Protein chains: 2
Amino acid sequence: MTTKPLRADAERSVRTILEAAERVLSDNPAASMEQVAEAAGVARTTIHRRFANRQALVDAMAATAVRHLSEAIEAGRPETAPPLVALHQITVNVLRTKVSWAFALGQPAAPGSVVAGMQQRVAYRCLELFGRIRDLGVLDAEVDLEWTRRVYYALIGESLHGDDAGADPDVLAGRIIDTLLRGAGPRRPETR
Amino acid sequence: MTTKPLRADAERSVRTILEAAERVLSDNPAASMEQVAEAAGVARTTIHRRFANRQALVDAMAATAVRHLSEAIEAGRPETAPPLVALHQITVNVLRTKVSWAFALGQPAAPGSVVAGMQQRVAYRCLELFGRIRDLGVLDAEVDLEWTRRVYYALIGESLHGDDAGADPDVLAGRIIDTLLRGAGPRRPETR
DNA sequence: ATTAACTGCAACAGTCTTGTAGCGTTTTAT
DNA sequence: ATAAAACGCTACAAGACTGTTGCAGTTAAT
């Protein structure tokens, strides 16, 4: 099921196209292949050589993006590092990945596809981590972990929008985790 | 600057078109005018009679949607009702509005447009309410109100996605507010 | 009842986009 | 060095969508 290995220059082209497509399509999801080609510094026919359809291109982008996302999570050592440290590091890594692959990661994955499988796996890793954090007593014992995960995703997404979207990822991650764990209510006197 | 008042049937058509367009475009933002017309039970040319461009249609949808959103907020009596009661009621109303106008409300408003102005006004009403809630001591005294508002928006948006998107709005609103105020961390012993 | 507005239908021109094909040139692999 | 692979370029076919126009029939307002 593996395709013949591409020549070095071809592989470079594919990379360039995928990255250019992300830039262009994240700015305008309805952009034409021509615009993508121009942004990639490549002829439109070259894109069609590697990707039969527009859909094939988008699928490849989604696959690349979710792979990067997965790596961003693994790099945080969710199994071995102290859970809260891992959560912070993962959040930072994911923020970086999401700014670079906003469009591709926003694409809905076909139900049975490889990408969908990887997304589920990522979600599961996330749930595992939250479970470990809960066992530390930092998450409420009876909290809905799935809802917590969704809120976590939403907070990450929101952090990429406002004026502060370009701020230091460490700061953004801190705010995300603080909000996720404590909300906006009054801090406990002794915590302050 | 006001246009001539439309005849009764024409006004009905406009309504029908706007609602059909929302249904179709929320499912597929790239749908053609033809598909919108079919969903509205109307000839395509009728749409073009009322809306010069596709953009004009989308703008009208955005205007209608943000008007509904504004009404949803005012119906919660943010000025007069007890702040937390108002917050709950507003959340319920906004949830209902957002499911009906998901596409239109997701459209970015042109910087100087009327819609943009109304969005800002809505955001301001929201900030006012949060300010009042903070003064009750239910929000942390030093919390970033603007960030709180953005988190509130994000939680509402997230509530419309999962399997429970169709659940009782009162329940969803309760979860949103609980998460916003307390986060996912452990509850205080005496609160439980 | 009469008028004006509105709608459906059919047809049309114009544009944009996609996808394919051929050919000469450049780059890579061995 | 040579052969295969990849690329840019041009051209073309096919289709989709948009926006407009004209006309005949229907509906609402006075």
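## A salt bridge to start from

A:Glu158 pairs with B:Arg150 in a salt bridge whose closest N and O atoms are 3.0 Å apart; the term stands for a side-chain nitrogen of Lys or Arg within 4 Å of a carboxyl oxygen of Asp or Glu. Between chain A and chain B the count is four salt bridges.

Before going on, a word on the model and its conventions. This is a predicted model, in which local features need pLDDT of at least 70 and side-chain atom pairs count only at pLDDT 80 or more, while totals for chains, interfaces and linings use all residues. Residues are numbered from 1 along each chain as its sequence is written, chains are lettered from A and ligands numbered from 1 in the order in which they are written, and side-chain values use heavy atoms, with hydrogens and water left out.

## How the two chains meet

Chain A and chain B each bring 30 residues to their contact, where contact means heavy atoms within 4.5 Å. The copies meet through the same surface, because 100% of the interface residues of chain A are also interface residues in chain B. About 2,400 Å² is buried between the chains, and carbon and sulfur atoms give 50% of that area. Buried area here is the accessible area (1.4 Å probe) that two parts lose on being put together, summed over both. A:Trp147, A:Arg150 and A:Ala184 supply 27% of what chain A buries against chain B, more than any other three residues.

There are also 14 residue pairs in polar contact across this interface, both residues at pLDDT 80 or more. A polar contact is a pair of N or O atoms within 3.5 Å; within protein, one must be able to donate a hydrogen and the other to accept it, and residues adjacent in sequence count only if both atoms are side-chain atoms. On the side of chain A that touches chain B, helix 8 (145-159) and helix 9 (169-182) each supply at least two residues, and helix 8 gives the most, with eight. Helices are DSSP runs of H or I, at least four residues long, numbered from the N terminus.

## The symmetry

A rotation of 180° with 0.0 Å of shift along its axis superposes chain A on chain B, with an RMSD of 0.0 Å. That is the relation of a two-fold axis. The superposition is by least squares on the C-alpha atoms of residues with pLDDT of at least 70 in both copies. Within chain A, the residue closest to the rotation axis is A:Gly183, its C-alpha at 1.9 Å.

## Around DNA strand D

DNA strand D is surrounded by 24 residues, the closest being A:Arg7, A:Ser13, A:Thr46, B:Arg7 and B:Arg44; a residue is near a strand if one of its heavy atoms lies within 4 Å of it. Polar side-chain atoms of A:Ser13 and A:Thr46 lie 2.5 Å and 2.4 Å, respectively, from a phosphate oxygen of the strand. A:Arg49 turns up at a base: an N or O atom in its side chain is 3.1 Å from a base nitrogen. Helix 3 of chain A gives the largest share of the surface near DNA strand D, four residues.

## Around DNA strand C

For DNA strand C, 24 residues surround the strand, and the closest are A:Arg12, A:Arg54, B:Arg7, B:Ser13 and B:Thr46. A:Arg7 has a side-chain N or O atom 2.8 Å from a base oxygen of this strand. On the phosphate side, a polar side-chain atom of B:Ser13 lies 2.6 Å from a phosphate oxygen, and a backbone N or O atom of B:Ala43 lies 3.2 Å from a phosphate oxygen. Here the largest share of the nearby surface, four residues, comes from helix 3 of chain B.
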